[in-house]
Amino acid sequence: FGGGERNILASTTKCAGAVWQFVHLSLCATVQILERPEDHVFTEEDWNTWSTVTNGDLHDYAKTQADRLVWDALNDDNDSSESSSSSVMDVAVLNPVVVLGPVLSKFHTKSSTSLIRQVIYGNPLNN
């Protein structure tokens, strides 16, 4: 998991100084913990622990593992650069609830587009 993220992070390391900002777009499922109260504010300390290969939620499991890889790499970079004079790139991680756009594959059954279609047609939603 996280092959694409690994490649991008390796490229930012090779281009140190030229890359000054890194934006990682993920999804809310990577930080979601269902047992939290409704008013819980999710932070970098929260990680999805219920998606696993065993329970069949491969998509959210893979996304969570990829996000952890990004965070671990960025934390390692920040720790190692504190003692050097090089600047650390700015990082933003976005975990949107809904992303809308054209469906590029019929296999996007968990996509936001499917959710919107369910709402439009008045179909019941799975929580």
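This is a selection-by-selection tour of the model, from the whole chain to single residues and a surface patch.

**Whole chain**

The model is predicted. Start with the protein chain in cartoon view: there are 3 helices and 2 strands. Followed from the N terminus, the elements run α-β-α-β-α. Switch to a surface and the accessible area of the protein chain comes to about 9300 Å². Carbon and sulfur atoms account for 55% of that area. Colour by burial next: of the 127 residues in the protein chain, 21% are buried. For a contact map, take pairs in the protein chain at least 6 apart in sequence; 53% of those contacts join residues at least 24 apart.

**Helix α1**

Select residues 3–14, which are helix α1. Helix α1 has 12 residues, and the distance from its first C-alpha to its last is 17 Å. That is close to the 16 Å expected at 1.5 Å a residue. Now show the side chains of E5, L9 and T12, the buried residues of α1. Look down the axis of α1: these buried residues fall within an arc of 55°, so they line one face of the helix. The spacing has a general background: an α-helix has 3.6 residues a turn, so residues three or four places apart point the same way. Turn to the face of α1 directed away from the buried side, where the exposed residues N7 and K14 are found.

**E5**

Stay in helix α1 and centre on E5. Is E5 buried or exposed? E5 has a relative accessible area of 18%, and because the cut-off for buried is under 20%, E5 counts as buried. Show what surrounds this residue: beyond neighbours within four places in sequence, E5 is in contact with H24, A66, L69 and V70. For a distance label, pick the C-alpha atoms of E5 and A73; they are 9.8 Å apart in space and 68 residues apart in sequence.

**Q21 and D90**

Move to strand β1, residues 21–25, and select Q21. Q21 is partly exposed, at 44% relative accessibility. Setting aside residues up to four places away in sequence, Q21 touches M89 and D90. A C-alpha to C-alpha label between Q21 and V91 reads 5.8 Å, although 70 residues separate the two in sequence.

Follow the contact across to D90, which is in strand β2, residues 90–94. D90 also counts as partly exposed, at 47% relative accessibility. Which residues does D90 contact, leaving aside neighbours within four places in sequence? They are W20, Q21 and F22. A second label can go between D90 and L74: their C-alpha atoms are separated by 10.0 Å, with the two positions 16 residues apart along the chain.

**The salt bridge**

Next, select D46 and R36 as sticks. The structure holds 1 salt bridge, and this pair forms it, with the closest N and O atoms 3.1 Å apart. Both D46 and R36 lie in the loop between β1 and α2 (58–81), so the pair ties together parts that are 10 residues apart in sequence. In general, side chains of opposite charge can pair when their charged atoms come close. The two partners can be coloured by accessibility: D46 is buried, with a relative accessible area of 4%, whereas R36 is partly exposed, with a relative accessible area of 37%.

**F42**

Remain in the loop between β1 and α2 and select F42. F42 is partly exposed, at 36% relative accessibility. R36 from the salt bridge appears again here: F42 touches V31, Q32, I33 and R36, not counting residues up to four places away in sequence. For the distance label, use F42 and C28, which are 14 residues apart in sequence and 9.7 Å apart in space, C-alpha to C-alpha.

**The nonpolar patch**

Return to the surface view for the last stop. Select V97, V98, L100, L115, I116, V119, I120, Y121 and L125, which form a nonpolar patch on the surface. Together these residues have about 890 Å² of accessible area. Then pick Y121 from the patch; its place is in the segment after α3 (112–120). Y121 counts as exposed, at 56% relative accessibility.

How values were computed. Residues numbered from 1 in each chain as written. Predicted model: local features only at pLDDT ≥ 70, side-chain atom pairs only at ≥ 80, totals over all residues. Heavy atoms only, no water. Patch = residues over 30% accessible without salt bridge, like charges linked within 9 Å, V, L, I, M, F, W, Y side chains within 5 Å. Areas by Shrake-Rupley, 256 points an atom, 1.4 Å probe, with all protein chains shown as cover. Salt bridge = Lys/Arg side-chain N within 4 Å of Asp/Glu carboxyl O. Helix = DSSP H or I, 4+ residues; strand = E, 2+ residues; numbered from the N terminus. Buried < 20%, exposed > 50% of the residue type's maximum accessible area, 1.4 Å probe, protein only. Contact = heavy atoms within 4.5 Å. Expected span 1.5 Å × (residues − 1). Arc of directions from axis to C-beta.
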